[in-house]
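Hi everyone, thanks for making room for me this morning. I'd like to walk you through one model, so please have the viewer open while I talk.

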Amino acid sequence: VPLHICSFGVMFSVTLLLTDSKKVFEILFFIGILGGLIALLIPNSLGYTYYNMRYYHFILLHMSIAIVPIYYYKAYGYRVTLKSVYKTIALILVVSPLVVFVNYTTGKNYMFIGEKPEILANYLPDWPYYIIVFIVLAFIALHGLYYFSNLDFDKIKSKFINKKSWMLFFYIDEVYLRHNYFDYFKINTKILVFFTIFDYNEKWV
């Protein structure tokens, strides 16, 4: 059952690529970027190593859900508001009872509500206190990403325009990223996302 945060990120990614919906983007921007990057930095690849296709499936999947909202942010100028933060929080709160029920009836640990993730077990307090830690960190991260995404980057970049180290960045940003190259990226991203979601079976080899 796809009930992890990143599983929702995959579903929202596909929906956004098919519909270009700004409402979907508002949610995906947070759960995709934060969920995807955290999963890559603190991986829980179910014990699979690079000898197994599931290992690469894990990496591609979480890269995809982080890349898609960044692409829409840059290519189409989609933006989030403070209200988007609370929509995301509300969505997580709404689905949490369902996740708890599924965890209880199936013995799973979706959203890591029932048990601490093993890779962080030594750094977190016992249940249920680690959930409070998660909530506080998520609240901070969501607001931090919101404020970061609404920075005036053009103004920030203008302060460094005379520095040679920034010239390549400006060239890529102004010449490539503001043209139709994003259309090719969108096609390739669709292929990547659809490829990485076709199987949630943990025994896939």
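Let me start with a question: what share of the 205 residues in the protein chain is buried? The answer is 34%. Before going further, please keep in mind that this is a predicted model.

Now the overall layout. The protein chain has 8 helices and 0 strands, so to speak a plain α-α-α-α-α-α-α-α pattern when you read along the sequence. As for contacts, take the ones between residues at least 6 apart in sequence: 69% of them join residues at least 24 apart.

Let's go inside. In soluble globular proteins, nonpolar side chains tend to be buried together. Here, the largest nonpolar core has 28 residues. Phe8, Phe12, Leu16, Phe25, Phe29, Phe30 and Tyr72 are the ones with the most contacts inside this core. Which helices each supply at least two of its residues? They are helix H1 (5-19), H2, helix H3 (53-75), H4 and H5. H2 gives the largest share of this core, with 8 residues.

If you'd like one residue to click on, try phenylalanine 8. Setting aside neighbours within four places in sequence, phenylalanine 8 is in contact with Pro2, Leu3, Ile31, Val95 and Met111. There is also a second, separate core, which has 6 residues, including Val10, Phe58, Leu61 and Ile65.

Next, please rotate to the place where H2 meets H4. Helix H2 covers residues 22-41 and helix H4 covers residues 82-106, and the two pack with their axes 9 Å apart. At what angle do H2 and H4 pack? The angle is about 75°, which makes H2 roughly perpendicular to H4; the window for that label runs from 65 to 115 degrees. On the H2 side, the contact is made by Glu26, Ile27, Phe30 and Ile31. On the H4 side, Ser84, Val85, Lys87, Thr88 and Leu91 take part. Sorted by class, the contact of H2 with H4 has 5 nonpolar, 2 polar and 2 charged residues.

Let me pick out two of the H4 residues. Serine 84 sits in helix H4. Is serine 84 buried or exposed? With a relative accessibility of 0%, serine 84 counts as buried. Apart from residues up to four places away in sequence, serine 84 touches Glu26 and Phe30.

Valine 85 is found in helix H4 too, and at 0% relative accessibility valine 85 also counts as buried. Valine 85 and isoleucine 27 are 58 residues apart in sequence, yet their C-alpha atoms are 7.8 Å apart in space. Not counting residues up to four places away in sequence, valine 85 touches Phe30, Leu142, His143 and Tyr146.

On to the charges. Side chains of opposite charge can pair when their charged atoms come close. How many salt bridges does the count come to? It comes to 2 salt bridges. In one of them, the side chains of lysine 87 and glutamate 26 meet at 3.0 Å, N to O. Lysine 87 lies in helix H4 and glutamate 26 in helix H2, so this pair ties together parts that are 61 residues apart in sequence. Lysine 87 is partly exposed, with a relative accessible area of 33%, while glutamate 26 counts as buried at 13% relative accessibility.

The side chains of aspartate 126 and lysine 116 also meet in a salt bridge, at 3.6 Å, N to O. Aspartate 126 and lysine 116 are 10 residues apart, and both are in the loop between H4 and helix H5 (129-149). Aspartate 126 counts as exposed, because its relative accessibility is 54% and exposed means over 50%.

One last stop, back on H2. Leucine 37 lies in helix H2 and counts as partly exposed, at 41% relative accessibility. Leucine 37 touches Gly32 and Ala66, leaving out residues up to four places away in sequence. How far apart are leucine 37 and isoleucine 65 in space? They are 9.0 Å apart, C-alpha to C-alpha, with their positions 28 residues apart in sequence numbering.

That's my tour. Thanks for listening, and I'm happy to rotate back to any of these spots.

Conventions: Residues are numbered from 1 along each chain as its sequence is written. This is a predicted model: local features need pLDDT of at least 70, side-chain atom pairs count only at pLDDT 80 or more; totals for chains, interfaces and linings use all residues. Side-chain values use heavy atoms; hydrogens and water are left out. Axes are lines fitted to C-alpha atoms, for helices over the stretch in contact, and angles run from 0 to 180 degrees between N-to-C directions. Helices (H or I, at least four residues) and strands (E, at least two) are DSSP runs, numbered from the N terminus. Angles under 35 degrees count as roughly parallel, over 145 as roughly antiparallel, 65 to 115 as roughly perpendicular and the rest as oblique. Contact means heavy atoms within 4.5 Å. Ala, Val, Leu, Ile, Met, Phe, Trp, Tyr, Cys and Pro count as nonpolar, Asp, Glu, Lys and Arg as charged, and the others, Gly among them, as polar. A salt bridge is a side-chain nitrogen of Lys or Arg within 4 Å of a carboxyl oxygen of Asp or Glu. Buried means under 20% relative accessible area, exposed over 50%, partly exposed in between (1.4 Å probe, protein chains only). A nonpolar core is a set of buried Ala, Val, Leu, Ile, Met, Phe, Trp, Tyr and Cys residues joined through side-chain atoms within 4.5 Å.
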